[in-house]
Amino acid sequence: MKLIIQAGIVILMIASLIMPANALLEASGEKAPIAKGDNLIAGAAVNDSAGSSDLTLIIQLKIDGKIVVDEGHKCTAIQPLENIPSDKDPTGWTQPKFDDKDWEKGEYGVGYGDGDDNLIIGNGTHAMVYSRAIFEVKSIRSNSKVELGADFDDGCVIWINGVEVARESNTDIPDEPEWDSWTDKGSGHSHEASKTDPPTYEFVELDVKVIGNPFAVEPADKLATSWGEIKAGY
Ligand SMILES: [Ca+2]
Ligand SMILES: [Ca+2]
């Protein structure tokens, strides 16, 4: 009996060396900027490597116990074939004021394979599917309890109003994710979605920074627009 237990321990030790490090959703440490009214959540679902047979991102967001984003929440999505909007600003698509009118429209979750997606998008030839959703907040305080959940395959990065608030740890995704940032460029990282109904989320708790309307047009935007018009000869 003792021998069997010792053999079991040795097998577990070997398995822990072979298996990739335990992956976990982690908060970024940045305070989530949240306004009363409309807000934007953006999520990148990330494949492990070329040829991946599945991709999933389903987001849940709870504020003071009230669910404001969940499976079935309206969203837009795109499989990027280049940095959006540009190589100089590869995460500009996470900003509330980014124009996503040409993206596909549907509901969370986004991805393909495994029968756990409402908006079927992407394939194993590219690393990412980007998604964006507007959510409404009735009231927010700096001490509000904000719980962010994600059910995903193989990795994810999530932003609220343009600020990265959480991502899957132990991946090869760089600090500023780009359109071709696979989770496994040598790390061996992969991660399966729950495939349960309802989804089983991994949760992180976020600190809050209360902000004004993130969709408001700033005076600087107006100035830039009028200057552009002047230069264009209007
Ligand atoms: Ca996958
Ligand atoms: Ca899927």
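**Close-up 1. Spacing of the donors of the calcium ion (ligand 1).** Read along the sequence, the donor residues of this calcium ion (ligand 1) follow the spacing N-x4-S-x1-D-x98-D-D. Donors here are N, O and S atoms within 2.8 Å of the metal (3.2 Å for Na, K and Ca), and water is not among the atoms, so sites may look incomplete. Keep in mind that this is a predicted model, where local features need pLDDT of at least 70, side-chain atom pairs count only at pLDDT 80 or more, and totals for chains, interfaces and linings use all residues. Residues are numbered from 1 along each chain as its sequence is written, chains are lettered from A and ligands numbered from 1 in the order in which they are written, and side-chain values use heavy atoms, with hydrogens and water left out.

**Close-up 2. Around the calcium ion (ligand 1).** Asn 47 (OD1), Ser 52 (OG), Asp 54 (O), Asp 54 (OD), Asp 153 (OD) and Asp 154 (OD) coordinate the calcium ion (ligand 1) at 2.2 to 3.1 Å. Asp 54 sits in the loop between strand S3 (37-46) and strand S4 (55-63), and Asp 154 in the loop between strand S11 (146-153) and strand S12 (155-160), so this pair, 100 residues apart, ties together distant parts of the chain (strands are DSSP runs of E, at least two residues, numbered from the N terminus). Asp 54 counts as buried because its relative accessibility is 7%, and Asp 154 does too, at 2%; buried means under 20% relative accessible area (1.4 Å probe, protein chains only).

**Close-up 3. Around the calcium ion (ligand 2).** Leu 55 (O), Thr 56 (OG1), Tyr 112 (O), Gly 113 (O), Asp 116 (OD) and Asp 117 (OD), the last listed twice, coordinate this calcium ion (ligand 2) at 2.3 to 2.8 Å. Distant parts of the chain meet here as well: Thr 56 lies in strand S4, while Asp 116 is in the loop between strand S8 (110-112) and strand S9 (119-120), 60 residues apart. Thr 56 is buried, with a relative accessible area of 0%, and Asp 116 counts as buried at 11%.

**Close-up 4. An aromatic cluster.** Trp 93, Phe 98, Trp 103, Tyr 130 and Trp 159 join up in one aromatic cluster. The structure holds five aromatic pairs, and one of them is Trp 93 with Trp 159: the ring centres are 5.2 Å apart and the planes are at 70°, so the pair is edge-to-face. Rings of Phe, Tyr and Trp (its six-membered ring) pair if their centres lie within 6.5 Å, and planes over 60 degrees apart count as edge-to-face. Trp 93 is buried, at 1% relative accessible area, and Trp 159 counts as buried at 3%.

Key:
Helix = DSSP H or I, 4+ residues; strand = E, 2+ residues; numbered from the N terminus. Buried < 20%, exposed > 50% of the residue type's maximum accessible area, 1.4 Å probe, protein only. Phe/Tyr/Trp six-rings, centres within 6.5 Å; stacked < 30°, edge-to-face > 60°.
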